[in-house]
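Trainee: Could you go through this model with me and let me ask how each label is earned?
Mentor: Gladly, let's look together.

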Amino acid sequence: MTDADLVVHGAAELVVGPATGTTDGGHPGAHEPPTEPDAVLERLEDGAVAVTDGHVVAVGPTDEVVREYPPESANRAVDAAGRAVLPGFVDSHTHAVFAGDRSDEFAAKLRGKSYQEILAEGGGILRTVQATRKASADDLLERLLGHLDEALAGGATTVEVKSGYGLETDTERRLLEVIRRADDRHPVTVVPTFMGAHAVPDGESTDTYVDRVIEEQLPAVADLAAFCDVFCEEDVFSVEQSRRVLEAGREHGLVPKVHAEEFARLGGSRLAADLEAVSADHLLQATADDATALAEAGVTPTLLPGTAFALGTEYADPRQFLAAGGEVALATDFNPNCYAPQLPFAATLACVGMGLSPAEAVRAGTYAGGLALGADRPSIEAVPAGSGTLRDGAPGDLLVLEAPSHAHVPYRFGTSVVDSAFIGGELAFTAGLGVSR
């Protein structure tokens with residue numbers, strides 16, 4: 001018998017991770033995923049998991065796990081009878097550090113204005129840039145910590161956060177410093193991404209701004225970020241301009257991510273495949289050929305149904321990516337234009353709007369979210385191997401639901417069913433008491 005830091009036992013349902021029928025962990029392009037939508041998760045009845053030194057050391061039937069790791073000898077034991085236990089959600093795409101308010105733009109969209117029209121009138125990203133440049137680092141930090149509180153209450157234990165509301169060197173670096181400070185202050189694992197190529201500042205040509213991103217911003221911020229992202233989109237950054245930014249980022253040690261095919265099929269997904277980016281995100285206009293290219297390159301498609309919901313557009317098609325043999329990750333895209341920081345809402349939209357099953361949505365928000373941050377690539381240290389699963393050696397990040405099944409995550413839309421969340425085996429959130437920080 002061995003003492004553990006945490007033992008959760010007696011779970012009505014324990015979600016271990018993806019069910020692939022292979023031993024490769026199911027990374028993109030390496031397996032044939034299960035054909036039945038409800039069979040994509042490995043689940044145990046009356047399951048248990050033990051965590052020591054921040055990592056899972058045992059998972060399986062309760063009688064087997066507690067024989068080796070008695071609950072009475074653990075630093076903390078949780079009787080999960082009647083409850084489901086899941087890996088913590090990995091929200092792999094957010095813009096959660098910003099200042100200002102754009103609630104009036106919500107009303108403008110309801111009156112028929114498009115995203116591009118609002119942007120052309122000085123709203124959208126550029127409006128948030130103005131407010132963010134004026135905000136102090138402490139103010140930005142407090143806002144970000146509050147956003148992370150909300151994300152954790154919804155079950156996210158790892159959250160990627162992008163810069164990109166500075167569009168000049170000093171503010172971009174300040175944003176990434178704030179993201180790093182939030183990682184130190186908050187129980188959630190916060191992953192920093194540099195996105196200076198988020199929009200083009202007023203009064204500047206795109207080519208000139210791309211030069212500044214490459215020559216000024218990247219050298220000043222590369223030590224603070226794990227990834228480099230770019231908004232490859234019509235009237236924003238072309239494929240060639242995006243390539244220049246991402247290749248320069250890679251020279252500074254930053255792994256590429258790409259905003260691709262959101263409003264128009266420009267070729268961003270093929271760029272992501274060419275550069276072997278860790279993810280290509282949005283993909284509303286992507287085709288089956290794009291899906292095949294991403295799968296063959298090991299790039300994780302990341303779908304953001306909250307954005308389509310906010311814009312009133314059609315949703316991305318997840319089936320083409322799954323049919324190509326790849327994974328589909330699910331993330332919130334939390335930002336001032338998509339003010340929905342909890343991943344379960346994205347899971348609901350993925351089921352209702354994109355046709356995923358509850359099991360597929362949970363897999364997309366856990367295991368595949370980890371892939372979208374490099375959990376299957378040893379050269380990327382942003383998140384450890386096994387993130388988004390509860391397999392042996394994975395981070396001890398897990399959720400205890402106040403419900404008996406993972407299906408309640410998307411089923412109870414508009415509310416969180418998370419009773420408690422543990423990060424590295426430590427209690428990080430309890431319903432009624434909130435976040436432990």
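Trainee: Which residue of strand 13 is the bridge partner of Lys 257?
Mentor: Ser 279 is the bridge partner of Lys 257. Keep in mind that we are reading a predicted model.

Trainee: How do you know that strand 12 and strand 13 count as a pair?
Mentor: Strand 12 (residues 255-260) and strand 13 (residues 279-282) share 4 bridges. Pairing requires at least two bridges, so these strands qualify, and their sense is parallel.

Trainee: What links strand 12 to strand 13 along the chain, and what is the hand of this β-α-β crossover?
Mentor: The chain passes through helix 9 (residues 268-274), and the crossover is right-handed. That name applies because, with the strands pointing away from the viewer, the path over the helix runs clockwise.

Trainee: Where does Ser 279 find a residue opposite it in strand 14?
Mentor: Opposite Ser 279 stands Thr 300. Strand 13 and strand 14 (residues 300-303) are parallel, with 3 bridges between them. Helix 10 (residues 288-297) completes a right-handed β-α-β unit with these two strands.

Trainee: What is the strand order of the open sheet?
Mentor: The sheet has 8 strands in the order 8-9-10-11-12-13-14-15, and its pairing is parallel.

Trainee: Why are strand 8 and strand 15 called edge strands?
Mentor: Strand 8 (89-91) and strand 15 (329-330) each pair on one side only. For strand 8, a parallel partner is strand 9 (residues 156-162), over 3 bridges. Within that pair, Val 90 has Thr 158 as its bridge partner.

Trainee: His 282 sits in strand 13. What is noted about its phi?
Mentor: The phi of His 282 is positive, about 90°, although this residue is not a glycine.

Trainee: Why is His 282 called buried?
Mentor: The relative accessible area of His 282 is 1%. Buried means under 20%, so His 282 earns the label.

Trainee: Asp 235 also has a positive phi, of about 70°, without being a glycine. Is Asp 235 buried or exposed?
Mentor: Exposed: Asp 235 has a relative accessible area of 77%. The label needs a value over 50%, so Asp 235 meets it. Asp 235 belongs to the loop between strand 11 (227-230) and helix 8 (239-251).

Trainee: What about His 406: where does it lie?
Mentor: His 406 is in the loop between strand 16 (398-401) and helix 16 (408-411). With a relative accessible area of 4%, His 406 falls under the 20% limit and is therefore buried. Beyond its neighbours within four places in sequence, His 406 has contacts that include Glu 13, Arg 43, Leu 86, Ala 359 and Val 362.

Trainee: What makes helix 14 mostly covered?
Mentor: In helix 14 (residues 358-365), 7 of the 8 residues are buried. Among them are Ala 359 and Val 362.

Trainee: Which residues have the most contacts inside the largest nonpolar core?
Mentor: Leu 144, Phe 194, Phe 237, Leu 330 and Leu 401, in a core of 103 residues. Helix 5 (residues 137-153) gives this core its largest share, 8 residues. The core also takes at least three residues from each of domain 1 (6-87 + 388-435) and domain 2 (89-372). In soluble globular proteins, nonpolar side chains tend to be buried together.

Trainee: What does Leu 330 touch, leaving out residues up to four places away in sequence?
Mentor: The list for Leu 330 includes Val 90, Leu 303, Leu 343, Met 354 and Ala 361. Another core lies apart from the largest one, with 15 residues, including Val 8, Leu 14 and Val 400.

Trainee: How do Leu 14 and Val 400 fit into the strands, and what are their bridge partners?
Mentor: Both have Val 85 as a bridge partner. Strand 2 (residues 13-18) runs parallel to strand 7 (residues 84-87) with 2 bridges, while strand 7 and strand 16 are antiparallel over 3 bridges.

Trainee: How many residues of domain 1 are in contact with domain 2?
Mentor: 34 residues of domain 1 contact 33 residues of domain 2. The domain centres, taken over C-alpha atoms, are 28 Å apart.

Trainee: Which residues does the UniProt annotation "domain: Amidohydrolase-related" cover?
Mentor: That unreviewed entry gives residues 85-426. Over this range the chain is 43% helix and 15% strand.

How values were computed: Residues are numbered from 1 along each chain as its sequence is written. This is a predicted model: local features need pLDDT of at least 70, side-chain atom pairs count only at pLDDT 80 or more; totals for chains, interfaces and linings use all residues. Side-chain values use heavy atoms; hydrogens and water are left out. UniProt positions are given in the numbering used here, feature names are shortened, and annotations may be inferred rather than shown by experiment. A nonpolar core is a set of buried Ala, Val, Leu, Ile, Met, Phe, Trp, Tyr and Cys residues joined through side-chain atoms within 4.5 Å. Buried means under 20% relative accessible area, exposed over 50%, partly exposed in between (1.4 Å probe, protein chains only). Domain bounds come from an automatic or database domain assignment. Contact means heavy atoms within 4.5 Å.
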